[in-house]
Structures are given as structure tokens and as C-alpha cells.
Amino acid sequence: MAIILGIESSCDETSIAIIKDGELLSNVVATQIEMHQKYGGVFPELASRLHCENAIFVLNEALEKANITLDQVDAFAFTRGPGLIGALHIGMQVAKTLAILYNKPLIPVHHLAAHIYANEFVKPLIFPALSIVVSGGNTEFVYMKEDMDFEIIGETKDDAIGECFDKVARTLGLPYPGGIPIDKLSKEGQHTYKLPVPLHDDSLNFSYSGLKTAVLNLVNNETAKGNEIRVADLCKSFQDVAIGMIMDRLERALKRYEIKQVVLAGGVSANSYLREQMHKRLDGTDIDLIVPPIWCTTDNAAMIVRLAEHLWKMGITCDMSVSSDPNWRIDKYKTF
Ligand code: KG4
């Protein structure tokens, strides 16, 4: 029997959740999206400041909803990384303060591993699994031979896919976070613009910065010629190439690795075309697919406490000297 309180603050969501033996008692999320929209992306300093302002309200609401008092909590978990350094520090300091005050252990949680394990809210993970982690800050293929075992078999060489969606959206004058309007507009568009497919090798790696620049150049050239940009068509053309790269690497991974389940994780896993393509490829095969519910694709502390339960059972806790790591690798989740 353990009650774990977890804090997520890696980017622009302040979230606190409480779990008791697998049962999620509360999950409160304060999103900062509106405050960052005028900057066309997350403004890190503002994110840190808003985490400071929001933490206490989110904490009180999470406790109230769970009908739990702080002295009942057995351990305090927090996102140690990856993420924005200032934002991570705030969540960690809140967790440390509570752990000192109540003399309870601290559990450092890897944000991307948590995105993967959030899928356990849907159904159990089956191993060996391939986790496709696609978010605003990361693009990784993570092979999991067994439970809590992570091997990065492919990763982006430059920008993350979500970052690319956001920057392309900004170029097209669409609001942040850009993945949402691009996904929506793509449904009304045709793939009529020719864009380059980056990284011509046979690895499982990704590259998105060239694609982002290609869209920017295309928009500048067409505008200079006085041609109007067909925004929906450009969204569809871009999205096909961006998601196509994932599907292409999936095909390679399926040939090279034993895979019983494919797991989608991270903000970009909300993309309807990616979901459609995954179902098209894997439904009816002997490979299981988990597509997370939309609430699980955005940052939240439910996923932090879910993974924290695994870490707790494995005896993984840290002392007060721990620091955040904005570049923490998933295969180093036991090292801090
Ligand atoms: O996982 P997340 O909250 O960010 C990190 O923790 O890094 O994901 C946010 C990213 C943003 O880049 C956003 O544009 C993208 O997920 N996103 C989408 C969609 N919804 C959100 N990208 C493509 N299609 C969507 N429907």
C-alpha cells in the first residue's frame, strides 16, 4: 500500500497527481498555453514563473480531489528531465520541500518513460515493445525488450517533430501549439506541394530541421513571386512528409526487431493522421498497438505517478542532492 504524489513541470503544464496502489485519485493540470501563444512557442522564463505561481493552487486542488492530506503521502515524485531547466527546477524544489517537511522519499521520474507508461492507463504493455516517442522536444524510437528496459534505437539528429510542427505553423501564421491547426487544416488540403524527404540512410534516425527550412523557403519564394499560399494544401503536404518519416522508420524497425506491441507516446501522438496510419499498418497483424487517449498525450502528472509506482517497487529513490537534467536520456533513467 503506497500513496504517491507526483509533480510534472517540464514545459508549460503545471500538474500534480496522486495515485494509491494503481488507482489514480486525482490529476490536476494547469496549462500555460494561452500565456505562451503571443510568443508563438514556450517562453522558458515565463514558464518557470508560472510554475511558481500555479504550484500551490494545483497542489491544494489535487489533495482536495483525492481526499488526501500531505501526511498520508508515502513518497513524492517529480519529473527530473528532460525538459526546460528552469521549469524542471521548480517542480523538483516543490517535491524536495514536501519530502523534507514530511520526511518521505523522493522519486525522480523520466518524462518520456512516463509518457510511455501512461499507456498502462489504457491496457498493459506487452514486451518486446517499440515505443514511438514523438513530442515537442523529442523524437525517439525506444525498444523495450522487457519491463522498464529502454534502448534508444532511433532519434532525431536535429529538431523534434513537434518543434517542427510548431515552427511550420508559425511560418504559416497559425497559432501555437502548431500541431493542432496543422492536423485540422490537413484534412481540408491536398498534397500538392513538393517537399524534400530528409536523411537518406537506412538508420532509424530522424531529421526535421531541413523540412522546416524547406517550408520557410517555399513560403518566402512563393510570396516573393506574388503567389498565394494554399495553407491547407501546404499543411497536408508537410504533414504527409513529417509523419511519413515515422512510418518509414517503423517499417525498418519491424524488419529488424522482434516487436509484439507498438506504443505511441508524447504530444504528437495526438495527430489524427499518425493514428490513422498506425491503425492501417498494424490492425489485423499479430502486433498489438496502443494509441493513448488524447488526455494522456499532453503533459500531466498522472503519467508521472504511474511510472513512479514502478520505480517505487524497484526501490528507486534519490536523496536531496539530486538536480534536474534537461537532457536526461531514457536509457539512463536509473542514473541521477
Ligand atoms: O509532449 P508535449 O506536450 O511536449 C513535450 O513535452 O515536449 O507535446 C507538445 C507538442 C507540440 O509541439 C504540439 O504542436 C504537438 O505536441 N501536438 C501535435 C498535435 N497536438 C499536439 N502535433 C501534431 N498533431 C497534433 N494533433
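How many of the 12 residues of helix 11 are buried? In helix 11, 10 of the 12 residues are buried, so the helix is mostly covered (buried means under 20% relative accessible area with a 1.4 Å probe, protein chains only).

This is a predicted model, in which local features need pLDDT of at least 70, side-chain atom pairs count only at pLDDT 80 or more, and totals for chains, interfaces and linings use all residues. Residues are numbered from 1 along each chain as its sequence is written, and side-chain values use heavy atoms, with hydrogens and water left out.

Helices here are DSSP runs of H or I with at least four residues, strands are runs of E with at least two, and both are numbered from the N terminus. The expected span in the table is 1.5 Å times one less than the number of residues.

| Helix | Residues | Span, first to last C-alpha | Expected span |
|---|---|---|---|
| Helix 8 | 26 residues | 38 Å | 38 Å |
| Helix 11 | 12 residues | 17 Å | 16 Å |

Among the buried residues of helix 11 are Met303, Arg306 and His310. Helix 11 is followed by Gly315, which has a positive phi near 80°.

Helix 8 is also mostly covered, with 20 of its 26 residues buried.

The largest nonpolar core (buried Ala, Val, Leu, Ile, Met, Phe, Trp, Tyr and Cys residues joined through side-chain atoms within 4.5 Å) has 48 residues, and Ile132, Phe238, Ile246, Val262 and Met278 have the most contacts inside it. Helix 8 gives the most to this core, with 12 residues. Apart from this core lies another, of 35 residues, including Ile4, Cys296, Met303 and Ile316.

Note on methods
Buried means under 20% relative accessible area, exposed over 50%, partly exposed in between (1.4 Å probe, protein chains only).
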